[in-house]
Structures are given as C-alpha cells and as structure tokens.
Amino acid sequence: MAEFLQFLISGLTVGAVYALVALGFTLIYNASGVVNFAQGEFVMLGGMVTVFASALGVPLPLAALVAIVVAMVIGLLLHRLAIEPARGASAVTLIIITIGASILLRGLAAIVFDKQFHKLPAFTGDTPVDLLGAAIQPQSFWVLGGAAVVVLALYVFLEHTLLGKAVLATAANRLAARLVGINTTTIMALAFGGSAAIGAIAGILVTPITLTSYDVGTLLALKGFAAAMLGGMGNPVGAVVGGLLLGLLEAFGAGYLSSTYKDAFAFLVILIVLFAAPQGLFGRRVVERV
Amino acid sequence: MRALMNQRFLTLAVLAVVIGILPFVFPSSYYFRVASLVWVSALAAIGLNILMGQAGQVSLGHAAFFGIGAYAVAIGPVHLGIPSWAALLLGAGLSALLAFLVGRPILRLKGHYLAIATLGLGVLVALVITTESRWTGGPDGMPVERLTLFGWRVSGSYTWYWVTGGLLLIGTWIALNLDDTPTGRAFRALHDSEVAAQVVGVDVARFKLQAFVIAAVYASLAGSALAFMNGFINPDQAGFLHSVELVTIVVLGGLGSVVGSIVGAAVLITLPQVLTVFHEYEHLLLGLIIIVSMIFMRSGIVPTLSSLFLRKARS
C-alpha cells in the first residue's frame with residue numbers, strides 16, 4: 001500500500017507538469033491552430049531564469065516572477081516574429097518554424113546561461129512527509145497545488161471574463177470571432193504569452209525535484225504533446241487528464257514493470273488508445289465537410 | 001509527355017554531373033565525408049518525401065526505420081553471423097515489415113494524431129535500441145563491420161562518396177519515375193483530397209500503406225549505408241531529433257519535390273559544418289535560418305525558387 005501510494009504521488013507530480021505543458025499546447029492550438037513544439041523551452045526558461053536570478057541574490061519569489069515575465073516576453077516575441085509573419089502557411093510548415101524556434105531558444109540558453117545541470121532549493125525544505133507509510137517530498141505538494149491553481153485560474157479566466165470568452169470564441173471559429181469585433185491577432189498573442197507563463201510556472205515548480213538544464217525542453221514538449229493528444233487535441237480538460245494519466249502510467253510502469261522502459265509505456269498506451277479512438281479520449285469526432 | 005521525360009532525364013543528368021564534378025573541387029577527404037552524408041540524408045529524405053509530399057501523410061518517427069537499417073548491418077554480422085550485404089537486405093525487409101504491420105492502424109489517423117502516433121513509434125524503436133544493450137551496445141553505440149562485396153572491401157571516404165552518390169542516383173531515378181505511374185498519381189490524388197480520391201476508386205488505405213512501406217525502405221537503406229560508412233552507430237540515428245531533421249530537410253527543400261529533398265539535405269547537413277566556425281552560436285543560427293527560410297519560402301526552397309525563375313522568364 002505504501003509503495004502504491006508512493007508511485008501514485010510521484011506519478012501525479014510528474015503528470016501535473018505534463019498537464020501544464022499540454023495545457024500550454026492546447027491554449028496556443030485553440031487560438032491559432034499552431035502545434036507549438038517550442039512549448040518545452042518555456043518550461044526550461046522558467047527553471048533556468050529562476051536559478052540564475054536567485055544566484056544573483058534575487059529572493060526566490062521575485063526570481064520566479066522574473067522568470068515568468070521573461071518567458072512571457074519570449075512567447076510574445078515568438079508569436080510576433082515567427083508565427084505572425086508566416087500566417088496562412090501550412091500546418092507542417094508552422095510546425096517546422098516552432099521546431100526552429102526551439103532549437104534557437106536552446107542555443108540561446110546555452111550561451112546566456114551554460115550547459116550544466118542546475119538545482120533550486122525545495123520551497124519548504126527537503127524533509128519527506130510521511131503519508132500512510134509513503135515518504136513524500138514536500139515539493140510534490142507544491143507542484144500539485146501550483147498546477148491546480150493554474151488550472152483553476154485558467155478556467156475562471158476562460159469562463160468568467162470577457163477576454164477569456166473572446167479566446168474561446170476565437171478557438172471556436174476565427175472568422176466568426178473577427179466578425180463580431182474580436183481582434184484575433186491580440187487573442188493569439190495573448191495565448192502565446194499565457195501558455196509561455198504556464199510553461200514557466202511548471203518549470204519553476206518542478207526544478208527542485210528534477211533539476212534543469214538548457215536542453216530539458218525537448219522531452220517535455222514530446223510528453224506534453226503526447227498528453228494533449230491522449231486527451232484529445234484542443235480540449236483543456238482532456239489535456240489535464242491526459243497529462244495526469246501519462247504521469248501515472250510512467251510511474252506505475254517504472255515501479256511495477258521495468259524502469260528502463262519507463263518512457264515506452266506512455267507511448268505504447270498512446271498508440272493503443274489512438275488505434276481504438278482515433279480522436280483521443282475526449283476529442284470530438286470531426287466530420288469533414290467536402 | 002516528352003517534355004516530362006526530358007525534364008526527368010535532365011534532373012538525373014544534372015545530379016550525375018554534380019556528383020561527378022564535385023570531387024575535382026574538393027580539397028580534402030573531409031569534404032568527401034560531408035558530401036556522402038548529404039547523399040545519404042537526401043536518400044532518406046526522398047523516401048520520406050514520397051510519403052509526405054506525394055501521399056500527404058506526415059511521419060515524425062521516420063528515423064526509426066533509419067535506425068533499423070543501421071543496426072541491422074551492425075548486429076547481423078556480429079550476433080547472427082550473416083554477411084553484411086545480407087544484413088542490409090534483412091534490415092530493409094524488417095523495416096518494410098514493421099511499416100506494413102503498423103501502417104494500417106496508424107495511417108487511419110489524421111493530421112496531428114498521425115504525427116503523434118508516428119512519433120510514438122519512433123520513440124519506441126529508439127528506446128528498444130537504447131535499452132537492449134546486449135545486442136546494440138546501448139547508449140554508447142556499437143562498431144559496424146566493413147561491407148565486403150565479392151571480396152572487395154568497401155572503405156574510405158572517397159569510395160563511399162561514389163557508393164552513396166550512386167545510391168542517391170538510383171533512389172532519385174525511382175522516385176522521379178514513381179511520380180508518373182498509376183501509383184504516383186494515386187498518391188497525388190489522396191494528397192489533394194482523400195475523399196475525392198476514394199470517390200474515383202482509389203483504394204486509399206492501400207496506397208497510403210504503400211507509400212509508408214516505400215519510405216521505410218528508403219530510410220532503412222540510407223541507415224545501412226551510413227552505418228557502413230561510419231563504421232560505428234549509436235541510438236541518436238534512430239532518435240526523435242533525427243526524425244525531425246529528416247522532416248525539416250523535406251519541408252525546407254520543398255514538399256513533393258525530389259530535387260528539393262536533395263537541396264534540403266545539402267543545406268541542412270552542410271550548414272552545421274559551416275556554422276561550427278561560430279562555435280557556441282551554432283544552434284542559435286541554425287534555428288534562425290530554419291525560421292527565416294520557412295517564413296520567406298513557405299513551400300520550400302526549390303518550389304519557391306523555380307516559381308520565381310518561371311515568373312522572371314515569362315516577364
């Protein structure tokens with residue numbers, strides 16, 4: 001039981017990070033139709049900027065804030081300089097552009113920072129909490145709580161503010177949104193900034209547990225994309241569920257079956273799910289009009 | 001019809017001349033190595049372009065087949081005791097079989113779902129290669145025995161320049177011809193509109209699968225060639241980043257353009273070699289160049305330039 005609980009919590013912790021990355025994917029995808037493979041770089045930036053800012057003597061909360069702002073600026077620049085000029089290009093061309101952006105950001109991080117691994121101190125100490133026999137790192141609660149706050153804030157924003165509703169309208173139908181007077185370009189910029197912030201928060205929360213370096217983004221982008229697809233692309237609830245599910249699969253797979261094939265379980269399950277339900281778990285079946 | 005024949009012949013002739021002339025201007029064996037790398041990558045990209053550009057199906061895990069080809073020639077002679085050339089065929093056969101088996105369920109998916117499924121397949125193959133270190137040497141990779149054909153030991157960057165160049169010519173010739181067969185036309189039909197293709201009687205599932213298998217065999221052969229050439233192989237060749245590189249070559253050069261894949265490979269393989277001069281700015285510049293060229297040449301280098309050229313010629 002203790003072992004089970006241990007795997008459960010560690011799975012949920014990793015899953016919460018995947019969920020945030022997937023949420024970032026979904027936000028950008030809904031607003032602009034772009035699959036942003038540079039999403040993992042925002043997570044990297046969140047961790048790295050915080051590490052280097054606090055190394056300069058900036059207190060941790062302030063350093064975290066700086067990191068979020070930096071990521072948002074980069075997200076806005078990405079939209080303004082790389083996505084906006086390529087408006088109307090095919091989906092695969094846009095994917096290549098975001099891959100180019102992720103290579104660029106990784107290169108930039110290697111120059112501005114360095115190529116070492118870095119750690120942040122856990123927010124509230126390293127003493128494990130005993131939970132029914134399982135030893136839980138306090139940072140796990142920070143990750144889970146932080147992710148929950150982000151998801152809740154995003155929900156309130158989308159459902160209860162005018163701006164949030166404009167985002168949903170843009171996601172539903174860009175042309176119709178423009179017809180009722182929504183500036184869809186602003187909405188897209190907002191989506192890029194917002195999802196960069198979400199990614200950075202994920203990076204800050206998880207760095208005390210997993211460490212960070214200039215190249216952690218690639219694998220996170222892969223997992224986040226996988227989580228978004230598992231839930232059904234474009235569905236925020238699906239993204240969160242997909243992320244948590246992916247984290248749990250990895251934790252239990254690694255714990256009970258084989259730790260060397262940890263990453264394999266996730267992708268194996270995705271293949272099986274897609275074979276059975278080609279639109280993901282929560283995706284709508286899209287009927288194509290010919 | 002004749003114009004088409006001529007154009008195809010012209011493309012091949014130009015490629016042959018380029019391959020033939022380059023050695024006269026190469027100052028050192030290093031250049032032969034880089035050029036061979038370009039030919040090998042171009043071969044894999046041409047195959048992937050048949051799937052992506054002609055049949056319109058994306059694959060983000062194509063390096064898996066490249067890896068299978070590479071590891072087949074590494075593992076075959078050492079662990080199974082079969083000659084290198086047979087291992088090469090075995091690799092191609094295995095790749096084709098894998099593509100055939102997973103192709104049907106995977107190719108039912110569309111758009112981003114197809115992308116993640118192929119990506120997953122690629123990750124799985126790369127993981128198996130990295131983990132089964134008893135066979136593959138694990139993350140460190142393993143040495144590859146030199147290819148011996150009829151007692152002739154194929155080695156040296158000069159020799160491999162010609163071998164890979166020849167392979168590329170054959171691959172290009174097949175791809176160009178395919179464009180003009182009923183199969184090639186079926187590919188194009190389902191690229192433009194799957195529904196329309198189905199309505200006029202194209203067996204959509206079968207042709208998608210065919211394109212997938214062809215692309216897999218191209219990648220596998222390219223992988224085997226690279227493994228022989230380098231005499232060493234590691235799991236990176238089967239990894240996600242290599243898959244991305246192949247897709248980037250295809251899109252950068254021009255979807256659906258055979259020449260585009262060769263140009264794309266030339267750009268994307270030589271660029272990092274040139275950029276090493278800039279040391280740490282290498283990745284920064286590589287990313288920047290990819291972004292800028294995709295923004296200004298959306299349909300890829302070769303289609304953009306050729307339409308520009310045609311417009312100039314007309315006015």
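# Reading a two-chain model

Q: Is A:Leu132 buried, partly exposed or exposed, and why?
A: A:Leu132 is exposed, because 10 other C-beta atoms lie within 10 Å of its own, and 12 or fewer counts as exposed. The model is a predicted one, so each value here is computed from predicted atoms.

Q: Where in chain A does A:Leu132 lie?
A: It sits in a loop of chain A, with strand E1 (129–131) on one side and strand E2 (134–136) on the other.

Q: What is there to notice in the phi of A:Leu132?
A: The general idea first: most residues other than glycine have a negative phi. A:Leu132 is not a glycine, yet its phi is positive, near 50°.

Q: Which loop of chain A holds A:Leu211, and what is the phi of A:Leu211?
A: A:Leu211 lies in the loop between helix H8 (184–210) and H9 of chain A. Its phi is positive too, at about 65°, although the residue is not a glycine. A:Leu211 is partly exposed, because 15 other C-beta atoms lie within 10 Å.

Q: How many C-beta neighbours does A:Leu78 have inside 10 Å?
A: The count is 28, and therefore A:Leu78 is classed as buried; the cut-off for buried is 20 or more. The residue belongs to helix H3 (residues 60–83) of chain A.

Q: Which residues does A:Leu78 touch, not counting those up to four places away in sequence?
A: With those set aside, A:Leu78 touches A:Ala38, A:Ile83, A:Ala101 and A:Phe192. A:Val143 gives a distance to set beside this list: A:Val143 and A:Leu78 are 65 residues apart along the chain, and their C-alpha atoms are separated by 27 Å.

Q: What secondary structure does chain A have as a whole?
A: Chain A has eleven helices and two strands. Along the sequence the pattern reads α-α-α-α-β-β-α-α-α-α-α-α-α. Chain B, for its part, comes to 14 helices and four strands.

Q: Why can the radius of gyration of chain A be said to agree with a compact globule?
A: A compact globule of 290 residues would have a radius of gyration near 19 Å, and chain A has 19 Å, which agrees. Along the principal axes, the C-alpha atoms of chain A fill a box of roughly 60 × 50 × 35 Å. For chain B, with 315 residues, the globule would be near 20 Å; the chain has 19 Å, and this agrees as well. The box for the C-alpha atoms of chain B is roughly 55 × 50 × 45 Å.

Q: What part of each chain is buried?
A: In chain A, 51% of the 290 residues are buried. In chain B, buried residues make up 51% of 315.

Q: How are contacts spread along the sequence of chain A?
A: Take the contacts between residues at least 6 apart in sequence: in chain A, 75% of them join residues at least 24 apart. Counted in that way, chain B comes to 77%.

Q: Which residues have the most contacts inside the largest nonpolar core?
A: They are A:Ala19, A:Leu20, A:Ala226 and B:Leu43, in a core of 200 residues. Helix H10 (residues 204–230) of chain B gives the most to this core, with 16 residues. Outside its neighbours within four places in sequence, A:Ala19 is in contact with several residues, including A:Ala147, A:Ala227 and A:Leu244.

Q: How many residues does each chain bring to the contact between A and B?
A: Chain A brings 36 residues and chain B brings 32. On the side of chain A, helix H4 (91–112), helix H9 (217–231) and helix H11 (262–276) each supply at least two residues. The largest share, 14 residues, comes from H4(A). By class, that side has 30 nonpolar, four polar and two charged residues.

Q: What does a record add about chain A?
A: The unreviewed UniProt entry lists several spans as "transmembrane region", among them residues 237–258 and 264–282. In the model, residues 237–258 of chain A are 95% helix and 0% strand, with end C-alpha atoms 30 Å apart. Residues 264–282 of chain A are 68% helix and 0% strand, and their end C-alpha atoms lie 22 Å apart.

Q: How far apart should the ends of helix H11 (residues 240–253) of chain B be?
A: At 1.5 Å a residue, its 14 residues should span 20 Å, and the end C-alpha atoms are 20 Å apart, which agrees. Of these 14 residues, 13 are buried, so H11(B) is largely enclosed by the rest of the structure. B:Gly254, just after H11(B), has a positive phi of about 135°.

Methods: Residues numbered from 1 in each chain as written. Chains lettered and ligands numbered in written order. Predicted model: local features only at pLDDT ≥ 70, side-chain atom pairs only at ≥ 80, totals over all residues. Contact = placed C-beta atoms within 7 Å. Nonpolar A, V, L, I, M, F, W, Y, C, P; charged D, E, K, R; others polar. Rg over C-alpha atoms; globule rule 2.2 N^0.38 Å. UniProt positions renumbered as here; feature names shortened; annotations may be inferred. Core = buried A, V, L, I, M, F, W, Y, C linked by C-beta atoms within 7 Å. Expected span 1.5 Å × (residues − 1).
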